[in-house]
Amino acid sequence: MTSTYRASSRTDPDRERELAAGLERARGQIAEACAAAGRSPADVRLIAVGKTFPAADAASVVRAGQTDLGENKAQELAPKAEALREQGLEPTWHFIGQLQRNKVRQVLASASWIHSVDRTSLVDAIARAAERPVNVCLQVDLGADPGRGGVSPDDLLPLAEHAAAQENLRVRGVMTVAPLDWDADRAFTLLAELSGKLRSVVPGATEISAGMSQDLSSAVAHGATMVRLGRTVFGAR
Ligand SMILES: *Cc1c(COP(=O)(O)O)cnc(C)c1O
């Protein structure tokens, strides 16, 4: 699967309306999932994932009031963040993709959250490069999916202890992408259990980054505090 980053910076009024509607749709779905789960929407942060869409789209959602944006590739995040900065827009950037050590500095130039920390060598690279505290979630691989990243559940707590000992890392919680062949409820139940274990080691690590467009309501039902929605906001990729 390849995707091209469309670097257009034009704003188109029709597209602006479409994106505002996408944001509203995402917020509506979060509210509905929260109502079903007896939770407050204020406890679920929307991260709008704009990967493959142009910087102009990211700028539009920020102007429409969205504060948190996610990207999964360093080489897409950097120019997009720069394009927004030039327009005076400085959202909170969340890096959510697999991260190579040699891209850490590039990511830290704009991202204040990294959701995909999954190995000690990456923790060490972030600790060396970070000039100020960076929020991290530890990504767990629930299904041993090759190529998607994530620490195995058995290795989560040792990784957490190592990360929590670094001066400029703030371990904030767990993250996962539900395995393709799993029932979402099963995945997010297990993630909630792992979140409890993580909190026994790092009490402040209360975030659960889970839920994409297809499994949002299950994630919210199982305690997600950060949901990462791409297609719901931006449309089909
Ligand atoms: C793309 C992506 C998302 C958003 O997925 P949608 O299906 O577009 O909502 C969430 N998390 C990660 C890690 C992603 O790569």
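## Exercises on a predicted model

Helix α1, which covers residues 13-37, has 25 residues and reaches 36 Å from its first C-alpha to its last, close to the 36 Å expected at 1.5 Å a residue. The model is predicted, and the exercises below are to be worked on it.

### Exercise 1

Describe how helix α1 begins, what follows α1, and which elements its buried residues pack against.

**Solution.** Start at the N-terminal end of α1, where Asp 12 acts as the cap, with a side-chain oxygen lying 2.8 Å from the backbone nitrogen of Asp 14. Next, go to the other side of the helix, where α1 is followed by Gly 38, a residue whose phi is positive, near 65°. Then list the residues of α1 that are buried: these are Arg 15, Leu 19, Gly 22, Leu 23, Ala 26, Ile 30, Ala 33 and Cys 34. Finally, look for the partners of the buried residues of α1, which pack against the strands β1 (45-49) and β8 (226-229) and against the helices α2 (55-63), α8 (216-221) and α9 (231-234).

### Exercise 2

Work out why Cys 34 and its closest cysteine form no bond.

**Solution.** First recall the cut-off, since a disulfide requires a pair of cysteine sulfur atoms within 2.5 Å. The sulfur closest to that of Cys 34 belongs to Cys 137 and is 17 Å away, so the pair is too far apart for a bond. Taken from the other side, Cys 137 is in no disulfide, with the sulfur of Cys 34 as its nearest cysteine sulfur. By this rule the count of disulfides comes to zero. As to their surroundings, Cys 34 is buried, with a relative accessible area of 0%, and Cys 137 is likewise buried, with a relative accessible area of 0%.

### Exercise 3

Place His 94 in the fold, decide whether His 94 is buried or exposed, and find its side-chain polar partner.

**Solution.** Begin with the wider region: the UniProt record, an unreviewed entry, places the feature "domain: Alanine racemase N-terminal" at residues 42-236. Over residues 42-236 the chain is 38% helix and 21% strand, and the end C-alpha atoms are 27 Å apart. His 94 sits in strand β3, residues 92-95. Because its relative accessible area is 0%, His 94 counts as buried, the cut-off being under 20%. The side chain of His 94 makes a polar contact of 2.6 Å with the side chain of Asp 68. Leaving aside neighbours within four places in sequence, His 94 is in contact with Asp 68 and also with Arg 45, Ile 47, Leu 69, Gly 70, Glu 71, Trp 113, His 115 and Met 226.

Terms used. Residues are numbered from 1 along each chain as its sequence is written. This is a predicted model: local features need pLDDT of at least 70, side-chain atom pairs count only at pLDDT 80 or more; totals for chains, interfaces and linings use all residues. Side-chain values use heavy atoms; hydrogens and water are left out. UniProt positions are given in the numbering used here, feature names are shortened, and annotations may be inferred rather than shown by experiment. Helices (H or I, at least four residues) and strands (E, at least two) are DSSP runs, numbered from the N terminus. Buried means under 20% relative accessible area, exposed over 50%, partly exposed in between (1.4 Å probe, protein chains only). A polar contact is a pair of N or O atoms within 3.5 Å; within protein, one must be able to donate a hydrogen and the other to accept it, and residues adjacent in sequence count only if both atoms are side-chain atoms. Contact means heavy atoms within 4.5 Å. The expected span of a helix is 1.5 Å times one less than its number of residues.
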